[in-house]
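Biologist: I'm new to this one, so could you walk me through it slowly?
Modeller: Gladly; let us put it on the screen and begin with how its parts are named.
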Amino acid sequence: MLPSEALARVNTHRLILNLPQIQLSCLEWNQGGEPLLLLHGLADCGMVWISLAESLRARYHILAPDLRGHGDSSKPERGYSYADIIVDLEALMDRVGWTSAHVVAHSWSAKVTAIWARQQPQRFRSLVLVDPFFLGTMPSWMKLTFPLLYRVLPFLKTMGPFASYEQAQQQARQLKQYRGWSPLQQAVFQAAMEQKPDGRWGSKFVVQAWDEIFEDVMRIAGLTQPVEIPTLFLQPQAGVNRTAWQLQPYRTYLKNLDIQQIPGNHWCFLVEPAAFNSSVAAFLERQCS
């Protein structure tokens with residue numbers, strides 16, 4: 001039931017980056033040469049990428065960090081803005097000697113990455129955006145109702161607390177990201193949970209990160225100027241980006257954009273990993289050839 005047991009089944013090790021304010025935990029696959037950075041979404045952790053990383057490790061040097069406030073990384077009381085996350089990622093790349101990398105980012109981290117890409121485009125060899133969440137700023141009419149919706153989003157139901165691990169698992173099996181309850185999904189869920197000091201169980205993701213990230217989602221736009229980085233937008237059939245209106249900002253600002261529909265929901269890499277891995281591999285192969 002421990003995350004270390006799940007890690008033992010894959011060809012990786014955990015890298016710890018000691019920064020002045022926090023400690024950043026990161027999974028590393030180090031067989032290939034091309035640098036590849038994998039960024040999880042809100043309330044997830046680096047383990048969501050184990051299927052993709054295992055399929056690509058022969059060609060790529062892969063890092064999959066637990067972003068601050070998530071997984072096994074530090075959980076400070078403050079410091080969860082986009083700027084804070086980008087500073088961490090820059091430090092991680094510098095630690096391993098990367099000047100640039102291919103970057104795959106899901107949901108909320110896809111918005112972080114869009115901001116990073118327009119600020120530091122030289123850091124990117126290519127970019128894969130997986131069903132990004134709310135790229136723009138929050139319209140004023142939504143600011144009163146969205147906080148209520150945000151706090152009842154289904155995927156946050158594993159925050160807990162739960163009386164037991166089994167109770168937490170029962171809740172998880174009802175959620176979209178764990179539909180099917182495959183060994184991959186079980187390992188990911190296991191890595192994202194912990195027993196609290198009072199004996200109850202809950203997510204490693206913390207409330208203070210949740211609150212501060214939400215503030216940035218509301219007030220900061222992701223893309224505001226043209227970006228020339230080769231970009232793949234993966235659009236799951238049952239994802240959150242389903243309309244031309246939602247896709248328009250990407251078409252407007254990403255000048256080297258390929259949009260591809262794939263099976264699955266917002267967590268396509270967990271519910272349809274084979275199709276997802278194939279799409280990412282083919283895109284990266286084109287960029288590296």
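Modeller: Helices and strands here are DSSP runs, at least four residues for a helix and at least two for a strand, and they are numbered from the N terminus. With that in hand, Trp-49 can be placed in the loop between strand S3 (34–39) and helix H2 (50–56). Please keep in mind throughout that this is a predicted model.

Biologist: Good to know. How many helices and strands are there in the protein?
Modeller: The protein has 11 helices and 10 strands. Its radius of gyration is 18 Å, close to the 19 Å that the globule rule gives for 289 residues, so the protein is as compact as a globular protein of that length. The C-alpha trace spans about 50 × 50 × 40 Å along its principal axes.

Biologist: And what share of the residues count as buried?
Modeller: Of the 289 residues, 56% count as buried. The accessible surface comes to about 12,200 Å², and 51% of that surface belongs to carbon and sulfur atoms.

Biologist: What about contacts along the chain, what share join residues at least 24 apart?
Modeller: If we take the contacts between residues at least 6 apart in sequence, 74% of them join residues at least 24 apart.

Biologist: Back to Trp-49, then. Buried or exposed?
Modeller: Trp-49 has a relative accessible area of 0%, and because buried means under 20%, it counts as buried.

Biologist: Which residues does Trp-49 touch?
Modeller: Leaving out residues up to four places away in sequence, Trp-49 touches Leu-38, Leu-39, His-40, Ala-64, Val-104, His-106, Phe-269 and Phe-276. As for distance, the C-alpha atoms of Trp-49 and Leu-184 are 9.6 Å apart in space, while the two residues are 135 residues apart in sequence.

Biologist: I saw Val-104 in that list. Which other residue on your notes touches Val-104?
Modeller: Val-280 does, and apart from residues up to four places away in sequence, it also touches Leu-52, Leu-56, Val-128 and Leu-234. Val-280 sits in helix H11 (residues 273–288), and at 0% relative accessibility it counts as buried.

Biologist: New topic: helix H6. Which of its residues are buried?
Modeller: Helix H6 covers residues 165–172, and its buried residues are Tyr-165, Ala-168, Gln-171 and Ala-172. Seen down the axis of H6, these buried residues fall within an arc of 120 degrees, so they line one face of the helix.

Biologist: Why would residues with that sort of spacing point the same way?
Modeller: An α-helix has 3.6 residues a turn, so residues three or four places apart point the same way.

Biologist: And what covers the buried residues of H6?
Modeller: The cover includes helix H7 (183–192), strand S7 (193–195) and strand S8 (201–203).

Biologist: What about the loop before H6, where is Thr-158?
Modeller: Thr-158 is in the loop between helix H5 (146–150) and H6, and with a relative accessible area of 9% it is buried. Setting aside residues up to four places away in sequence, Thr-158 touches Ala-172, Leu-175, Phe-189, Met-193, Gly-202 and Ser-203. Ala-172, as we saw, is one of the buried residues of H6.

Biologist: I also noticed Pro-161. Is its peptide bond from Gly-160 cis or trans?
Modeller: The bond from Gly-160 to Pro-161 is cis, with omega near 5 degrees, and Pro-161 lies in the loop between H5 and H6.

Biologist: And the backbone at Asp-131, is phi positive or negative there?
Modeller: Phi of Asp-131 is positive, at about 40 degrees, although the residue is not a glycine. Asp-131 is in the loop between strand S6 (124–130) and H5, and at 0% relative accessibility it counts as buried. Trp-181 has a positive phi too, near 50 degrees, and is likewise a residue other than glycine. Trp-181 lies in the loop between H6 and H7, and it is buried, with a relative accessible area of 10%.

Biologist: Last one: where is Tyr-253?
Modeller: Tyr-253 lies in helix H9 (residues 244–253), and it is partly exposed, with a relative accessible area of 25%. Apart from neighbours within four places in sequence, Tyr-253 is in contact with Leu-223, Thr-224, Gln-225, Pro-226 and Val-227. Tyr-253 and Pro-226 are 27 residues apart in sequence, and their C-alpha atoms are 4.4 Å apart in space.

Conventions: Residues numbered from 1 in each chain as written. Predicted model: local features only at pLDDT ≥ 70, side-chain atom pairs only at ≥ 80, totals over all residues. Heavy atoms only, no water. Buried < 20%, exposed > 50% of the residue type's maximum accessible area, 1.4 Å probe, protein only. Arc of directions from axis to C-beta. Contact = heavy atoms within 4.5 Å. Rg over C-alpha atoms; globule rule 2.2 N^0.38 Å. Areas by Shrake-Rupley, 256 points an atom, 1.4 Å probe, with all protein chains shown as cover.
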